[in-house]
Amino acid sequence: MKRLLLFGGTTEGRQLAQELAGLWDVTVCVATEYGRELLPAPGPGLHVQAGRLTEGQMEALLAREGFDQVVDATHPYASAVTQNIRRACGQTGTPYLRLLRAMSPPPEGCLYVPDAQGAARALDELPGNGLLTTGSKELEVFTQVRDFASRLYPRMLPMGQAVEKAAALGFPRGHIIAMQGPFSTQLNVALIRQFAIETLVTKDGGGPGGFWEKWQAARQTGIRLLVIGRPEEQGGACYEEVLRRLKEESRWK
């Protein structure tokens, strides 16, 4: 059985692991123990490794284990991780395939900014409270927003480390929303009304990231949707194409 190394704790990464376990001998790399918990239990044909890897550690893992294929199913905004995986595959001669998440057509009335820094600058000039649905990784940037501690409500995964980071940065614990998605339009609307939100900050996470539910909630409540644009991608294939290719290749021993 051929061996596949799959990077990513994303929704489509988990789906791909389930689909291919048994056709391939699949090892899934996720960044955190929480990501491990969201995956199916390891068993025949499915192994899980938790922990962030440097480019050098990725290269060593590929050289040591001799995987037949690598699939990069990391988040579309994790561009640094994608670059590391791509380079490690190049150094070891391991076939590399990028799984691309479809972008959302720009909805009418959204405000677009290039990055988290741009979002913070925009929030600094806009009135009212903001709901941050961009995760905890770049949360420090938003401490530059005027009166951030009283105006901003960060939503993140329910991981103790993320919550403690937010609190250490100065976000009141009563403002920290630690929840696991996916989030329905109705739940987004409820949070917007509960905290008197006037601007919802999001990334274009596509369907798996709940982008349309956020947009619909913003439209229903009449608030602004501030969207951080995606980094450019260099090649890749959609979920269906990646799955088709790997199922077909699994037949060739």
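How are H8 and H9 oriented to each other? This predicted model gives the answer in the first view.

**View 1. Helix H8 packs against helix H9.** H8 covers residues 185-194 and H9 covers residues 211-221. Their axes lie 8 Å apart and make an angle of about 50°. Angles under 35 degrees count as roughly parallel and 65 to 115 as roughly perpendicular. H8 and H9 are therefore oblique to each other. Their crossing is right-handed. From H8, the contact uses Thr185, Asn188, Val189, Ile192 and Arg193. From H9 come Glu213, Lys214, Gln216, Ala217, Ala218, Gln220 and Thr221. The residues of this contact are mixed: four are nonpolar, five polar and three charged.

**View 2. Five strands make an open sheet.** The strand order is E3-E2-E1-E4-E5, and the pairing is parallel. E3 (46-50) and E5 (96-98) are the edge strands, each pairing on one side only. From one strand to the next, the twist averages 20°. Strands of a sheet pair through backbone hydrogen bonds, either parallel or antiparallel. E1 (residues 3-7) runs parallel to E2, and five bridges join them. Look for Leu6, which stands opposite Val28 in E2. E4 (residues 69-72) pairs with E5 over three bridges, again in the parallel sense. Here Val70 stands opposite Tyr96 in E5.

**View 3. Helices H1 and H3 pack on the five-stranded sheet****.** H1 spans residues 11-20 and touches E1, E2, E3 and E4. The direction of H1 makes about 165° with that of E1. H3 spans residues 55-65 and also touches E1, E2, E3 and E4. The direction of H3 makes about 165° with that of E1 too.

**View 4. Strand E2 is covered on both faces****.** E2 runs from residue 25 to 30, and six of its six residues are buried. In a regular strand the side chains alternate between the two faces of the sheet. On one side of E2 sit Asp25, Thr27 and Cys29. On the other sit Val26, Val28 and Val30. Every one of these residues is buried.

**View 5. Helix H1 has a buried set of residues****.** Which residues of H1 are buried? They are Glu12, Gly13, Arg14, Leu16, Ala17 and Leu20. What do the buried residues of H1 pack against? Their partners include the strands E1, E2, E3 and E4. The helices H2 (33-38) and H10 (239-250) are partners as well. After H1 comes Gly22. The phi of Gly22 is positive, near 105°.

**View 6. Six strands form another open sheet****.** The order is E6-E11-E10-E7-E8-E9, with parallel pairing. E6 (111-113) and E9 (177-178) stand at the edges. Each has a single partner strand, so one side of each is left without a neighbour in the sheet. E6 pairs with E11 (residues 224-228) over three bridges, in the parallel sense. The bridge partner of Leu111 is Leu226 in E11.

**View 7. Helices H5 and H8 meet the six-stranded sheet****.** H5 (residues 116-125) packs on the sheet. H5 touches E6, E7 (129-132), E8 (152-156), E10 (197-203) and E11. The direction of H5 makes about 155° with that of E11. H8 lies across E8, E9 and E10. H8 runs at about 135° to E10.

Conventions. Residues numbered from 1 in each chain as written. Predicted model: local features only at pLDDT ≥ 70, side-chain atom pairs only at ≥ 80, totals over all residues. Heavy atoms only, no water. Axes fitted to C-alpha atoms, helices over the stretch in contact; angles between N-to-C directions. Helix = DSSP H or I, 4+ residues; strand = E, 2+ residues; numbered from the N terminus. Parallel < 35°, antiparallel > 145°, perpendicular 65-115°, else oblique. Left-handed = near helix turned anticlockwise from the far one by under 90°. Contact = heavy atoms within 4.5 Å. Nonpolar A, V, L, I, M, F, W, Y, C, P; charged D, E, K, R; others polar. Buried < 20%, exposed > 50% of the residue type's maximum accessible area, 1.4 Å probe, protein only. Pairing = 2+ DSSP bridges.
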